[in-house]
Amino acid sequence: MAEMGSKGVTAGKIASNVQKKLTRAQEKVLQKLGKADETKDEQFEQCVQNFNKQLTEGTRLQKDLRTYLASVKAMHEASKKLSECLQEVYEPEWPGRDEANKIAENNDLLWMDYHQKLVDQALLTMDTYLGQFPDIKSRIAKRGRKLVDYDSARHHYESLQTAKKKDEAKIAKAEEELIKAQKVFEEMNVDLQEELPSLWNSRVGFYVNTFQSIAGLEENFHKEMSKLNQNLNDVLVSLEKQHGSNTFTVKAQPRKKTKLFSRLRRKKNSDSAPEKGNKSPSPPPDGSPAATPEIRVNHEPEPASGASPGATIPKSPSQPAEASEVVGGAQEPGETAASEAASSSLPAVVVETFSATVNGAVEGSGGTGRLDLPPGFMFKVQAQHDYTATDTDELQLKAGDVVLVIPFQNPEEQDEGWLMGVKESDWNQHKELEKCRGVFPENFTERVQ
């Protein structure tokens with residue numbers, strides 16, 4: 001029974017709503033045809049026009065603000081990619097690399113902060129402002145329907161009163177419905193008459209606050225961005241000046257392997273450095289291809305024709321005092337190859353062979369086998385920048401120093417970007433490889449030979 005009663009109420013309500021819609025439609029048709037008068041309120045109609053205009057302007061402002069925010073986000077992404085491009089092309093040895101990276105990070109944070117504040121202080125406020133329009137618009141539409149109901153009830157009541165046969169019961173009922181419709185309409189009408197003008201006047205303050213917020217945020221954003229751009233400009237100007245004069249600091253590639261000489265010093269074997277003053281290492285075993293050629297000394301030279309007994313062999317300015325007094329016989333035919341092999345394997349060894357005649361007459365020419373370069377010499381480089389050694393196995397370089405590059409004894413000990421060598425000035429002075437050699441960064445030098 002309860003369900004049937006509920007269904008009956010629902011059906012009755014639907015029928016009532018349908019009847020109201022039919023009555024309103026009929027009333028509007030009569031009003032348009034001029035057969036029924038319509039209640040007019042010009043002041044309210046003006047408020048409705050202002051409301052619609054205000055809603056249109058607010059909707060457009062909201063749309064344009066969203067477009068502006070989308071543009072800010074797009075500019076942020078474009079600026080971020082531009083900063084990333086600068087970071088990629090900024091070479092590690094250029095000065096100001098860290099400063100440029102920091103500026104790029106601050107640039108990204110500034111864009112993010114600007115976008116978020118626009119959302120909080122402009123877009124959300126805009127959404128709140130427009131959020132009140134749908135409800136008021138719905139109430140205006142409802143007020144219009146209630147006005148039609150009021151006009152319909154009024155016309156029905158008037159028609160019953162002017163009828164030839166009056167039915168007092170119907171007239172009383174129509175009057176009751178008229179009073180009820182009038183009351184509902186006037187309550188809604190009064191509320192809207194107060195709200196609409198107030199809403200219309202609020203637009204001025206809202207527009208002022210919104211555009212002040214946008215302008216203030218944009219002003220602060222551009223101030224901070226201007227500082228970052230000025231800092232970046234200063235970094236790039238410094239790079240241009242230093243690059244033009246080649247005064248910017250070059251950084252060596254980091255060494256990852258164990259220091260070379262720290263192991264060599266602990267390693268005691270037959271390859272240790274020779275004693276001071278002895279520039280010639282121990283000769284190889286007899287019979288080896290690199291055996292030292294035999295120097296023969298003839299203590300009783302035979303006199304030669306055309307030479308006086310007291311004649312002496314003239315000393316060459318480049319010959320040591322001891323070597324200039326040694327008079328030997330001519331080398332055997334097989335000794336030349338051995339002598340050359342010995343010269344190529346023994347650094348800083350002076351091999352001088354003299355062939356003298358009796359009483360100092362020179363029958364042959366003396367040849368010098370002195371080596372002015374360290375063993376294994378590959379090429380020369382010249383330092384383009386100063387380099388301060390950070391370990392005992394590294395060379396201290398000044399711009400202009402010439403370095404003789406030699407191979408690593410163990411190629412596996414070579415770090416990428418580093419070479420082994422000895423400064424030419426040290427080599428010419430000491431001729432001791434173990435004391436003079438060291439590693440150095442390749443990018444600090446330029447090959448000259």
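**Figure 1. Asp41 and Arg143 in the predicted model.** In this predicted model, D41 is partly exposed, its relative accessible area being 22%. The side chain of D41 forms a salt bridge with that of R143, with an N to O distance of 3.9 Å. This pair links distant parts of the chain, for the two residues are 102 residues apart. D41 belongs to the loop between α1 (2-33) and α2 (42-89), whereas R143 is part of helix α4 (residues 133-161). R143 has a relative accessibility of 4%. Because buried means under 20% relative accessible area, R143 counts as buried.

**Figure 2. A salt bridge within helix α2.** Here the partners are D64 and R60, whose closest N and O atoms are 3.6 Å apart. Both residues lie in helix α2. They are four residues apart, which is about one turn of the helix. How exposed are D64 and R60? D64 is partly exposed, with a relative accessible area of 40%. R60, at 61%, is exposed, because the cut-off for this class is over 50%.

**Figure 3. A salt bridge between a strand and a helix.** The side chains of K380 and E424 meet in a salt bridge, with N and O at 2.9 Å. K380 is found in strand β1 (residues 379-383) and E424 in helix α9 (residues 424-430), so this salt bridge ties together parts of the chain that are 44 residues apart in sequence. Is each partner buried or partly exposed? K380 has 16% relative accessibility and counts as buried. E424, at 22%, counts as partly exposed.

**Figure 4. A network of salt bridges.** Which residues are joined into one network by salt bridges that share partners? The members are D135, R139 and E195. In the model, the count of salt bridges comes to 13; among them are the pairs D41 with R143, D64 with R60, and K380 with E424.

**Figure 5. A nonpolar patch on the surface.** This view turns from charged side chains to nonpolar ones. I14, V18 and L22 make a nonpolar surface patch of about 280 Å². One of these residues, I14, has its place in helix α1.

Definitions and conventions:
Residues are numbered from 1 along each chain as its sequence is written. This is a predicted model: local features need pLDDT of at least 70, side-chain atom pairs count only at pLDDT 80 or more; totals for chains, interfaces and linings use all residues. Side-chain values use heavy atoms; hydrogens and water are left out. A salt bridge is a side-chain nitrogen of Lys or Arg within 4 Å of a carboxyl oxygen of Asp or Glu. Buried means under 20% relative accessible area, exposed over 50%, partly exposed in between (1.4 Å probe, protein chains only). Patches are made of residues with over 30% relative accessible area and no salt bridge: like charges are joined within 9 Å, nonpolar side chains (Val, Leu, Ile, Met, Phe, Trp, Tyr) within 5 Å. Accessible areas come from the Shrake-Rupley method with a 1.4 Å probe; for residues, only the protein chains shown count as cover.
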